[in-house]
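Please work through the exercises below with the sequence and the structure at hand, and try each task before reading its solution.

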Amino acid sequence: MADRDKGPRKVTSFDVARVAGVSRAAVSRAFTPDASVSPKTREKVYQAAKELGYRVNYLARSLTNKRSDLVGLVAAGLDNPFRTLQIEHLAKVLLARNFRPILLPTSQEADTSSFIGQLLHYAVSGVIVTSDAPPTEICEQCAAEGVPIVLINKGNDIPFVDRIISDDRMAGHLAASHLIDAGARKPAVMAATAISYTARRRREAFVARCKQLGVEAEFLHVKINDYRSGYDAAGELAASGIDGLFCANDYMACGVVDRIMQGRGREDAPPLPIIGHDDIPQASWSAYELTTIRQPCDLQAEQTVDLLISRMAEPDLMARVEFTPVTLIKRRTA
């Protein structure tokens with residue numbers, strides 16, 4: 001009776017080894033990526049595990065190996081569709097490489113110490129920090145623990161920390177050239193540059209390219225690179241004389257388009273040529289048909305995980321920077 005009250009006994013690797021007729025070490029190797037084990041033994045282990053309902057306890061394994069198969073994804077601004085897309089691609093690539101992503105949402109105002117503690121308690125194998133997430137303290141703490149880190153679209157130059165950066169210089173040049181070729185003589189760039197490294201670089205590149213082409217560009221400052229900022233700022237555009245606009249991201253550009261369309265009817269194209277950045281799924285919707293600069297999340301994710309894995313293998317490599325190429329996608333708005 002007492003045994004029944006305790007519920008069913010948990011299946012262990014010893015049980016799998018017994019049913020499969022192999023050693024416990026063979027069971028461990030069968031569930032370890034790239035470990036040396038024959039296909040026949042692996043199949044026997046998998047079949048026994050399936051029959052018994054056995055699942056590998058990766059967290060318990062991490063206590064023995066000192067590192068788990070977990071990789072921390074630190075991200076802010078999850079309301080932005082681009083961030084969701086970016087996290088999705090990173091997670092897919094990590095899973096394909098036999099890692100397990102763990103998402104830790106944060107913000108510029110957040111106290112980073114709490115989720116740094118979570119990362120280290122789980123003995124993560126590495127950490128990926130996306131743009132808009134505060135990296136400095138994360139990097140310092142993780143570096144002290146020997147945890148590899150890759151930053152995405154961040155300007156922080158930190159020893160032994162690798163970075164993947166979208167080609168913001170090319171993005172600004174493409175946007176400026178396209179608007180001026182279309183006839184813009186008073187173009188502007190809308191961005192929150194105080195908190196965003198990428199927005200700052202895109203603005204600088206846009207303004208510089210406009211100057212090369214003999215046109216002075218205006219800078220429309222907003223507090224945050226989000227939909228509401230674009231929507232609110234668009235109220236002043238009609239009286240500004242601006243005849244071409246580059247927004248630091250699509251999320252903000254969608255806000256601009258909605259505000260303009262609100263007063264003109266959804267059937268009309270925006271009278272102001274508008275270019276965004278990122279090519280989020282919403283950019284192709286019929287409500288927007290937004291001309292934009294595509295930042296390929298799939299390629300960026302592959303680059304990021306490649307750097308992370310190589311950093312795991314060689315932690316003393318000098319800090320590296322790789323760029324993700326961008327492409328102009330032409331649609332209705334410009």
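The exercises that follow concern a predicted model, and each one is solved step by step.

**Exercise 1. The open sheet**

Determine the strand order of the six-stranded open sheet, and explain which strands stand at its edges.

Solution. Begin with the order, which reads E7-E6-E8-E9-E10-E12, with mixed pairing among the six strands. Next, look at the ends of that order: strand E7 (218-221) and strand E12 (327-329) each have a single partner strand, so that one side of each is left without a neighbour in the sheet. From one strand to the next, the twist averages 25°. Then turn to the pair at one end, where E6 (residues 187-191) and E7 run parallel and are joined by four bridges; within this pair, alanine 188 has glutamate 218 of E7 as its bridge partner. Finally, add the helix that packs on the sheet, namely H12 (residues 250-262), which touches E6, strand E8 (244-247), strand E9 (274-278) and strand E10 (291-294). The direction of H12 makes about 150° with that of E9.

**Exercise 2. The surroundings of strand E5**

Is strand E5 enclosed or open, and which strands does E5 pair with?

Solution. Take burial as the starting point, with under 20% relative accessible area as the cut-off. Five of the five residues of E5 (residues 162-166) are buried, and therefore the strand is largely enclosed by the rest of the structure. The side to which each residue points can then be assigned: Asp162, Ile164 and Ser166 point one way, whereas Arg163 and Ile165 point the other way, and all of them are buried. For the pairing, three bridges join E5 to strand E4 (residues 149-152) in a parallel arrangement, and four bridges join E5 to strand E11 (residues 321-324), also in the parallel sense. Isoleucine 164 ties the two pairings together, since this residue stands opposite isoleucine 152 and also stands opposite glutamate 322 in E11.

**Exercise 3. Helix H10 and its cover**

Find which residues of helix H10 are buried and what covers them.

Solution. First check the geometry of H10 (residues 197-212): its 16 residues reach 23 Å from the first C-alpha to the last, close to the 22 Å expected at 1.5 Å a residue. The buried residues are Thr198, Ala199, Arg202, Arg203, Ala205, Phe206 and Cys210. To read their spacing, recall that an α-helix has 3.6 residues a turn, so residues three or four places apart point the same way. The cover over the buried residues of H10 includes helix H9 (168-181) together with E6, E7, E8 and E9. After H10 comes glycine 214, with a positive phi near 80°.

**Exercise 4. A residue of helix H9**

Is histidine 178 buried or exposed, and which residues distant by more than four places in sequence does histidine 178 contact?

Solution. Locate histidine 178 in helix H9. Its relative accessible area is 15%, and it is therefore buried. Setting aside neighbours within four places in sequence, histidine 178 is in contact with Ile275, Thr291, Leu328, Lys330 and Ala334.

**Exercise 5. Two crossing helices**

Describe how helices H2 and H4 are arranged relative to each other.

Solution. The axes of H2 (residues 13-20) and H4 (residues 39-52) come within 9 Å and cross at roughly 120°. The two helices are therefore oblique to each other, and their crossing is right-handed. As a last step, list the residues that meet: Asp15, Val16, Val19 and Ala20 from H2, and Lys44, Val45, Ala48, Ala49, Glu51 and Leu52 from H4.

Conventions. Residues numbered from 1 in each chain as written. Predicted model: local features only at pLDDT ≥ 70, side-chain atom pairs only at ≥ 80, totals over all residues. Heavy atoms only, no water. Pairing = 2+ DSSP bridges. Axes fitted to C-alpha atoms, helices over the stretch in contact; angles between N-to-C directions. Contact = heavy atoms within 4.5 Å. Buried < 20%, exposed > 50% of the residue type's maximum accessible area, 1.4 Å probe, protein only. Expected span 1.5 Å × (residues − 1). Parallel < 35°, antiparallel > 145°, perpendicular 65-115°, else oblique. Left-handed = near helix turned anticlockwise from the far one by under 90°.
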